[in-house]
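Trainee: I would like a close look at one part of this model. Please take me through the place where the two chains meet, and then set it in its surroundings.

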2 protein chains.
Amino acid sequence: MSDEQELGITESKQYSTGDWYAEVVQKAGLASYGPERMGGFIVTRPRGYSLWESVQEHLDEWFKATGVQNAYFPLFIPESYLEKEKDIVEGFDPEVAWVTEAGHDELEERLAVRPTSESIIAPYMAQWTRSHRDLPLRVNQWCSVVRWEATETKPFFRTKEFLWQEGHTAHESEDEAWDETVTRLDQYQRLYEDVLGIPVLRGRKPPHDKFPGADTTTTVEALMPDGKSVQGGTSHYLGQSFAEAYDLTYIDEDEEERVAHTTSWGLSWRALGALIMTHSDDQGLVLPPTVAPEQVVIVPIWQEETREDVLQYSTEVAAELEEAGFRVHLDDRDERNPGFKFNEWELKGVPLRLEIGPNEVEDEEVTAVHRPDGETEVVDRGDLVDGVDEHLDDIFTKLYETAEENLEENVREAYSPEQILGTIGQHGGYVKTPWCGDEACEEVIKEKIAAEIVMVPFAEDEDPIGDECTMCGDDAEETAYFAKSY
Amino acid sequence: MSDEQELGITESKQYSTGDWYAEVVQKAGLASYGPERMGGFIVTRPRGYSLWESVQEHLDEWFKATGVQNAYFPLFIPESYLEKEKDIVEGFDPEVAWVTEAGHDELEERLAVRPTSESIIAPYMAQWTRSHRDLPLRVNQWCSVVRWEATETKPFFRTKEFLWQEGHTAHESEDEAWDETVTRLDQYQRLYEDVLGIPVLRGRKPPHDKFPGADTTTTVEALMPDGKSVQGGTSHYLGQSFAEAYDLTYIDEDEEERVAHTTSWGLSWRALGALIMTHSDDQGLVLPPTVAPEQVVIVPIWQEETREDVLQYSTEVAAELEEAGFRVHLDDRDERNPGFKFNEWELKGVPLRLEIGPNEVEDEEVTAVHRPDGETEVVDRGDLVDGVDEHLDDIFTKLYETAEENLEENVREAYSPEQILGTIGQHGGYVKTPWCGDEACEEVIKEKIAAEIVMVPFAEDEDPIGDECTMCGDDAEETAYFAKSY
């Protein structure tokens, strides 16, 4: 154990959210900052990476069950490929890292370190697609991408290199491609809600905030405890723009050549940022049992004369739980006292602590303590597996419900620009308001307060709340959700 | 299905091995060549990537069961970091791709796209290690690396970017670090032999062919059908050179500061190259059932009047096998005849084909046909699951034994330089000979024929075969295995 961990969390989630977050990430051993000369890069430590592995495991299984296959495309994209789709190059060029020299030679053409891979995947999909029988074509890759944004490093939320998955598909029709777009958005929502314990809002981005070259960008948005919204994952219906730029065509059943419709969708390790930020507290990391590297930690409490019995019993309990499939750690270190261990495992976010002392041994039970609220209950040894299972479910439910309450309390309606500004200024969160669809009406708000339209709900999810655009008074086409965002 | 697949394999494994290999890789849908301006890069298609996923799944499980945790380190390494360990920089500098511009700016310091990550991982391990209690420290990452070698692209065998895992560990003592080195080498051997069906030789590289900065490089070597050796995976005992260069020290039990001993070990997608090359034939890809994306393909054979019965029965067979955990595909396409399907699945390397026609339906059986040798046997429907299981085991055994025979027949002894040259010239394979340990004695052979010492067996694995170096006549320290290599 390093010294830094022993100090515990010193910042406050409520009063210094940014510093508190950075402290939790480092002290819980999730990530370290990159080398001095490489601001914006982080090193993902094993405890952090294991969270990403949980995300991967779930999404990968769902993707494969719905027709997606993994593949791997080159890390570099020739500049001439990037330039074929003008929106992509305009959108990403300012953020691209370029390889210009290799093996002691200047390259003839600069190579972009991929900021996203449409420009290299679409031409290959074109190569592999001849007839309608080759469609739908769905590939996904788990990789890192680089976007050189000149902002402060915020581990997982904002880094110049980040891990993500990017899925790319091609279809015969707009309908099919749109269904695909929504299928992936649903899976992202499911990841947030059922795995990470974070309720989300879903909808589409306003047209001026779409993915470069996309027809429609859909998003899941999560509300953070500081009142800001996080774009949790996006799924794009790309229309035919990429297929046209890269000649992705097919011969249909009537022997006619047609242009395919494509989608792309990505979820990054920003999901980990949302996870850490949402549930953790001033004692450190809080994790739902679904993703915690250890779901249960057993802390034996002994005196010299009870040591052997307590350890023996603890070992049996650990073995039984492991056998039943739980991720369990028995902390039998001699050199640390129970109080130290309690703090350490709280800092590291283990959902359930089992305390075992001479009394528990004698009465054949264990004392179960919940993270984060300290709720304590005795579980009979005979009921161990079911008991632990229930406690873990309870903990998940508590975390989810807390986040859900926060979300529900922080979606408010507003019907004047002043009300929008005042509400966001005072409470943060989302403010929904009727909107004409014009970017200029977003600017009215954005220039006064750093809030923007983070999403517009799907028509089937929500009824309109008014007929008149709050900003300009024209006919309202839809409802805009304003929020500050990460 | 694209036209190219319909053509089948036109090259010969025996007479044009290189072209045949390239054809199999492409026609079996494993990989495509990279963009025109990016010679040396490949696109790994889903069928190729699924083989890599099999490799990952096995190694990852074994690594984790032996104390390794996954992590993720930045893609880029500042030039100043690379320069801290002089052997690394000398060894890799000629092959490095450099990022020099990002976000429209020239970078102050060039960033290397990682060719291997010792130089960025060691400094972090140093940061995380205070006391002997923090050791052993074991991290692994699954990622791609870039080495700008100016040779012809050979998919999976030689590419400028390749996927691999790189493990990095730190230990208190040389003994522990050496044990670690051998543990990983054992796991690589197990992967080749038990999963990929390829027997390997194991030993260490001669000192002049070690990993830059390493004390000892150990290797598993696989013999390819063209008589060349492939370095299948390497595990390095790095001694204290990296620990010294990057200040990786710890406080021992007596409160003394000590320098750690480190290891690193890597296995790349070259393992897929060896897999494809070893087992495949002039009909296309051959895969052991352990890694085949589909282990069993069911091809129904019907006439108009038997179609319904045959399809119904085939569907039931497929369901039963899937239920039992096999990876099964029922090829019920209307637009292709059975002969076409046979060829296609042979090309794609499915180990076991089940043919089901009206006779099989009536007699409640299936006809099982092995890839690659066409061995055919009838399996009773009542014995389906066990029968298929046995056939798949048989197929694995056949593939392994064929490779093993090839290896055994191609390790020969030689006691004069002429004999070494003649034997390798005539047969390829390995020639073992007593060696003094001097690089100059390798040169004597290397300058005449492009063969080198690919490995020296461990003392515990093999007894010496002579006292005198075959090349110079001095005392022989060990046995050298000469071979041409990839």
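Mentor: What follows starts at the interface and then moves outward into each chain.

This is a predicted model. Take the extent of the interface to begin with. Chain A brings 62 residues to the contact, and chain B brings 62 residues. Together they bury about 5300 Å². Carbon and sulfur atoms give 59% of that area. On the side of chain A, three residues stand out: Pro46(A), Tyr72(A) and Trp128(A). They supply 12% of the area that chain A buries against chain B. No other three residues supply more.

Now the polar side of the contact. Between chain A and chain B, 33 residue pairs are in polar contact, with both residues at pLDDT 80 or more. The interface also carries eight salt bridges. One of them joins Arg37(B) to Glu109(A). Their closest N and O atoms are 2.5 Å apart. Side chains of opposite charge can pair when their charged atoms come close.

Which element of chain A gives the most to the side that touches chain B? Strand β5 of chain A, residues 97-102, does, with six residues. By class, this side of chain A holds 34 nonpolar residues. The rest of the count is eleven polar and 17 charged residues.

Strand β5 deserves a closer look. β5(A) pairs with β5 of chain B, also residues 97-102. The two strands run antiparallel, and five bridges join them. Val99(A) stands opposite Val99(B) in this pairing.

Next, the symmetry. A turn of 180° with a shift of 0.0 Å along the axis lays chain A on chain B. The RMSD is 0.0 Å. The two copies are therefore related as by a two-fold rotation axis. Which residue of chain A comes closest to that axis? Val99(A) does, with its C-alpha at 2.1 Å. So Val99 appears twice in this account: Val99(A) faces Val99(B) across the strand pair, and Val99(A) is the residue of chain A closest to the rotation axis. Both copies use the same surface, as 100% of the contact residues of chain A recur in chain B.

Now step back from the interface. Chain B holds an open sheet of eleven strands with mixed pairing. The order is β3-β7-β8-β14-β11-β10-β9-β22-β23-β21-β20. Its edge strands are β3 (69-70) and β20 (411-413), each of which pairs on one side only. Within this sheet, β10 (residues 216-223) and β11 (residues 229-239) of chain B run antiparallel. Eight bridges join them. Thr216(B) stands opposite Tyr237(B) in β11(B).

In chain A, the loop between β9 (201-204) and β10 (216-223) holds Pro212(A). Leaving aside neighbours within four places in sequence, Pro212(A) touches Asp87(A), Ile88(A), Gly91(A), Phe92(A) and Phe242(A). Pro464(A) is 252 residues away from Pro212(A) in sequence. In space, the two are 28 Å apart, C-alpha to C-alpha.

Several loops carry backbone details to check. The peptide bond from Arg371(A) to Pro372(A) is cis, with omega near 15°. Pro372(A) sits in the loop between β18 (365-370) and β19 (376-380) of chain A. In chain B, Leu135(B) and Pro136(B) are joined by a cis peptide bond, with omega about -5°. Pro136(B) belongs to the loop between α6 (118-128) and β7 (137-146) of chain B. Phe156(A) has a positive phi, near 70°, and is not glycine. Its loop runs between β7 (137-146) and β8 (161-171) of chain A.

Finish with the salt bridges as a whole. Over all chains, the structure holds 62. One of them pairs Glu344(A) with Arg333(A), at 2.8 Å from N to O. Glu344(A) lies in helix α11 (residues 338-347) of chain A, and Arg333(A) lies in the loop between β16 (328-330) and α11, so the pair ties together parts eleven residues apart in sequence.

How values were computed. Residues numbered from 1 in each chain as written. Chains lettered and ligands numbered in written order. Heavy atoms only, no water. Contact = heavy atoms within 4.5 Å. Buried area = accessible area lost by both parts, 1.4 Å probe. Salt bridge = Lys/Arg side-chain N within 4 Å of Asp/Glu carboxyl O. Polar contact = N/O pair within 3.5 Å; in protein donor to acceptor, adjacent residues only side chain to side chain. Helix = DSSP H or I, 4+ residues; strand = E, 2+ residues; numbered from the N terminus. Nonpolar A, V, L, I, M, F, W, Y, C, P; charged D, E, K, R; others polar. Pairing = 2+ DSSP bridges. Least-squares fit on C-alpha atoms with pLDDT ≥ 70 in both.
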